[in-house]
Amino acid sequence: MEHWQIALIIMIGYLIIALVVGVWAGKGRDSGSLDEFAVAGGKLGLIVMWFLMGGAVFSAFSFLGAPGWAYEKGAPAYYIIIYTAFAILPWYIIGPKISRIGKKFNLYTLSSFFRIRYKSKTLGIIVGLLALLASIQYLATQLTGMAHIFNIMTEGRIPFWLGALLAYGIVVIYVATGGLRAAAWSDVFQGLLMIIISWVVGIAIVNQLHDSMGVMFTNIATENPGFLQIGKEGSAMGTIPFTTTILVSVIGFLMWPHLFTKSYASSPKVIKKTVLVYPIFALFLVPLLLVGFAAKGIVDANLIESADQVLPFLITTVMNLPGWVYGLVGAGALAAAMSSADAITHNATLETTDGVIRTIFKDLSDKTVLKIMRIGVFGIGGLAYIITIFGGQGLIVLLLGAYGAIVQFAPGVYSALYWRGATAKGVISGLVVGAILNFYFQLVADTTPLGIHAGIIGLIANVVIMIVVSLLTKSDRSEEEDTYIRS
Amino acid sequence: MSKKKFTTIYILVVTIPFLLLIFPLFEIANRATPIIMGLPFSFFYIILVILITFSGVLILYKFDPDHQFEEGDE
């Protein structure tokens, strides 16, 4: 049998298991309950929660983008490990607070978190729509990853549109049937798989291409020391871009709306324990960076379309490994992409149905909302699919772009939890200005002042404007305000 | 330990190591050599700081005034 046939069989086998696990997890629960679909009844346990969190951060970006960064830029790739480890830490303090607020007001989304605290439907709708756009952008990166993997591992036999359709179709099916619980249990399976595969394959590649890790890095350090440094001669990134990229990722990570849904879905104690065991996920990224460094000096940059393809290229073309290795790496990368896509798809659906539609049409019954949500999963899924197939950009630009818009929620969220003085008008004006500035510096302007990340520029303006406008538009004390602060 | 005091200590414990990993402080480790345990110095340093931070958080968890009273373990 040809390599690509074995790889295809393994990947299809993986997809079938993923589908079975996802659909099975949703079975036997109260399938007519909105609460079950949205936040798994608020009762997710530690292990499931941990993988749900890990699955979301361990994405197509980690599997393809992280080796790509290490291969192309060198030391700046460390940013991925630093932000993965540190971004979770504030959750120990704010997660339990958000969880208690969510249970008290029966929240499912970030949009309703804003709407209740600031008593503003407009704010709720703006947040819901921004969350939807960012999620679609994020989903597009995962879908592109899935499609690339299928395409490369089968040596071009599975076209781009079909690979994305197969893998993401399965995600949409299990999310629509089983809701958050299905996403969580598939993440346990997918998480274990990608962790094992990344370590085994990562170490194997380094040892085969170089005598050992030490020899590999010694060679790079003698030939091009700047490659292993930041802001030096021969470095790919300066100190300010490096630092602000970490900052924007650390602040932005917890602002992702699906983190709020997860906070409502578990108890304060589970949230805290999740934070404690989380760094293990950051360390799982280490072998993937090693793969990128190992490819340095071996893979000719002109032979691959983008740095993201360096891991699959190594396996299929340079090292000529057996077909089952193709298949395993393919399955691992699919798992990484799918475990991020499921939670985001689920959440984007909640934000639009619970956050936007339910705010506009008030008297919908829970049953109708649940029905709209299930259909919504297909709608959101379809939209993400179409944008991926007919749109297209580099993986990392897309992810950082989505992050840039999401991070602008931070001033409003932290004020809701800690500052009584913030008003709806203040938060809205800060958010709008921040998002516009971010958009301008990210996509329109060629450079930013001093190389500061566009998201940080937006954030600074956002905070200043939010404080000034809030002070000018003081509102009366409200009960919700008190509950948010005291929770 | 009061809840407020715990929160303050927690914030310090996680912020200080974070500052060690971004500029300007990261400059102290911004070099390729020596190679330690097969890794460039900067890479090794980052992993070390992450491990220390989480050991710190793990120890701190034992002193969390909240967690004796909370329901819903698992």
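Me: Over which residues of chain B does pLDDT stay under 50?

Reply: pLDDT is the predictor's confidence in each residue, from 0 to 100. It stays under 50 over residues 70–74 of chain B. For that stretch the model has 10 contacts beyond four places in sequence; two residues are in contact if their C-beta atoms, placed from the backbone, lie within 7 Å. This is a predicted model: local features need pLDDT of at least 70, side-chain atom pairs count only at pLDDT 80 or more, and totals for chains, interfaces and linings use all residues. Residues are numbered from 1 along each chain as its sequence is written, while chains are lettered from A and ligands numbered from 1 in the order in which they are written.

Me: What does chain B average in pLDDT?

Reply: The average is 85, and 89% of its residues score at least 70. For the complex, the predictor gives an ipTM of 0.89 and a pTM of 0.86.

Me: How many helices and strands does chain B have?

Reply: Helices (H or I, at least four residues) and strands (E, at least two) are DSSP runs, numbered from the N terminus. Chain B has 2 helices and 0 strands.

Me: How many residues does each chain bring to the contact?

Reply: Chain A gives 33 residues and chain B gives 29. On the chain A side, helices supplying at least two residues each include α5 (78–87), α6 (91–105) and α11 (239–253). By class, that side has 23 nonpolar, 8 polar and 2 charged residues. Ala, Val, Leu, Ile, Met, Phe, Trp, Tyr, Cys and Pro count as nonpolar, Asp, Glu, Lys and Arg as charged, and the others, Gly among them, as polar.

Me: What span is expected of α3 in chain A?

Reply: The expected span of a helix is 1.5 Å times one less than its number of residues. Helix α3 (residues 46–57) of chain A has 12 residues, so it should span 16 Å; its end C-alpha atoms are 17 Å apart, which agrees.

Me: Is α3(A) mostly covered or mostly open?

Reply: A residue is buried if 20 or more other C-beta atoms lie within 10 Å of its own, exposed if 12 or fewer, and partly exposed in between; C-beta atoms are placed from the backbone. α3(A) is mostly covered, with 10 of its 12 residues buried. Among them are A:Trp50 and A:Phe51. The buried residues pack against helices of chain A including α5, α9 and α17 (323–360).

Me: Which residues does A:Leu334 touch?

Reply: Leaving out residues up to four places away in sequence, A:Leu334 touches A:Met11, A:Tyr14, A:Met146, A:Ile149 and A:Ala167.
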